[in-house]
Amino acid sequence: MASLSPDDSFANYDKNKIMKLATYYPNEFPASKLEDLSYELDNYIDYVREMDNAFSNLKALGDLSKTLVKINIYKTWGLVYLLVKLSLILPVATATDEVFESVSNDAIIDRFQNMTTRRVQLK
């Protein structure tokens, strides 16, 4: 994910690492899309480094995502934008999974059961 970071004029950009990250999302990036992403990344990095000052002072992926939308080029770099979005939600999805792994189903049922009157018992 650090390879997508816009910090210091995309100093950590590493196309190989970005391509590897994309392979972890096979539903979004099947083989044909990986080829498209590879081509898009070549053009994208040149654009954001040299062609547009809107990217020169960005620090984080969230800033990058907002800027792509703000200047309305998120569709131009659609696959890169998709990977940025996936990278932004990955920590949340992972943390959520870890949190709920430690909570029993009975505890969840009890919690909801005690919230309000139900027509039927959940147990």
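The protein chain shown here has six helices and zero strands, and reading along the sequence gives the pattern α-α-α-α-α-α. Please keep in mind that this is a predicted model.

## The chain as a whole

Let us begin with some overall values. The protein chain has 123 residues, and buried residues make up 30% of them. Its accessible surface comes to about 8,400 Å², with 52% of that belonging to carbon and sulfur atoms. Looking at contacts between residues at least 6 apart in sequence, 55% join residues at least 24 apart.

## The nonpolar core

The largest nonpolar core holds 28 residues, and the members that touch the most others are Phe29, Leu37, Tyr44, Leu64 and Leu83. Which helices each supply at least two residues of this core? They are helix 2 (15-23), helix 3 (31-51), helix 4 (61-70) and helix 5 (78-101).

Leucine 37 is a good residue to visit next. You will find leucine 37 in helix 3. Is leucine 37 buried or exposed? Its relative accessible area is 0%, so leucine 37 is buried. Setting aside neighbours within four places in sequence, leucine 37 is in contact with Met19, Ala22, Phe29, Leu79, Val80 and Leu83. Two of the names in that list, Phe29 and Leu83, also appear among the core members that touch the most others. There is a further distance to look at: the C-alpha atoms of leucine 37 and glycine 78 are separated by 9.0 Å, while the two residues are 41 residues apart along the chain.

## Tyrosine 44 and its aromatic company

Tyrosine 44, another of the core members named above, touches Phe10, Leu64, Trp77 and Val80 when residues up to four places away in sequence are not counted. Tyrosine 44 counts as buried because its relative accessibility is 1%, where buried means under 20%.

Aromatic rings deserve a look of their own. A pair of aromatic rings is described by the distance of the centres and the angle of the planes. The count comes to five aromatic pairs. Two of them involve tryptophan 77, and the table sets them side by side.

| Pair | Centre to centre | Angle between planes | Kind |
|---|---|---|---|
| Tyrosine 44 and tryptophan 77 | 5.8 Å | 70 degrees | edge-to-face |
| Tyrosine 47 and tryptophan 77 | 5.8 Å | 45 degrees | tilted |

Where do the partners of the edge-to-face pair sit? Tyrosine 44 is in helix 3 and tryptophan 77 is in the loop between helix 4 and helix 5, so the pair links distant parts of the chain, 33 residues apart. The tilted pair also links distant parts of the chain: tyrosine 47 is in helix 3, and 30 residues separate it from tryptophan 77 in the loop.

Tryptophan 77 is buried, with a relative accessible area of 10%. Tyrosine 47, at 23% relative accessibility, counts as partly exposed. Ring pairs link Phe10, Tyr44, Tyr47, Phe55 and Trp77 into a cluster.

## Serine 3, before the first helix

Finally, look towards the start of the chain. Serine 3 is found in the segment before helix 1 (7-10). Why does serine 3 count as buried? Its relative accessibility is 7%, and buried means under 20%, so serine 3 falls in the buried group. Not counting residues up to four places away in sequence, serine 3 touches Asn12, Tyr13, Asp14, Lys17 and Ile18.

Note on methods. Residues numbered from 1 in each chain as written. Predicted model: local features only at pLDDT ≥ 70, side-chain atom pairs only at ≥ 80, totals over all residues. Heavy atoms only, no water. Helix = DSSP H or I, 4+ residues; strand = E, 2+ residues; numbered from the N terminus. Buried < 20%, exposed > 50% of the residue type's maximum accessible area, 1.4 Å probe, protein only. Contact = heavy atoms within 4.5 Å. Core = buried A, V, L, I, M, F, W, Y, C linked by side-chain atoms within 4.5 Å. Phe/Tyr/Trp six-rings, centres within 6.5 Å; stacked < 30°, edge-to-face > 60°. Areas by Shrake-Rupley, 256 points an atom, 1.4 Å probe, with all protein chains shown as cover.
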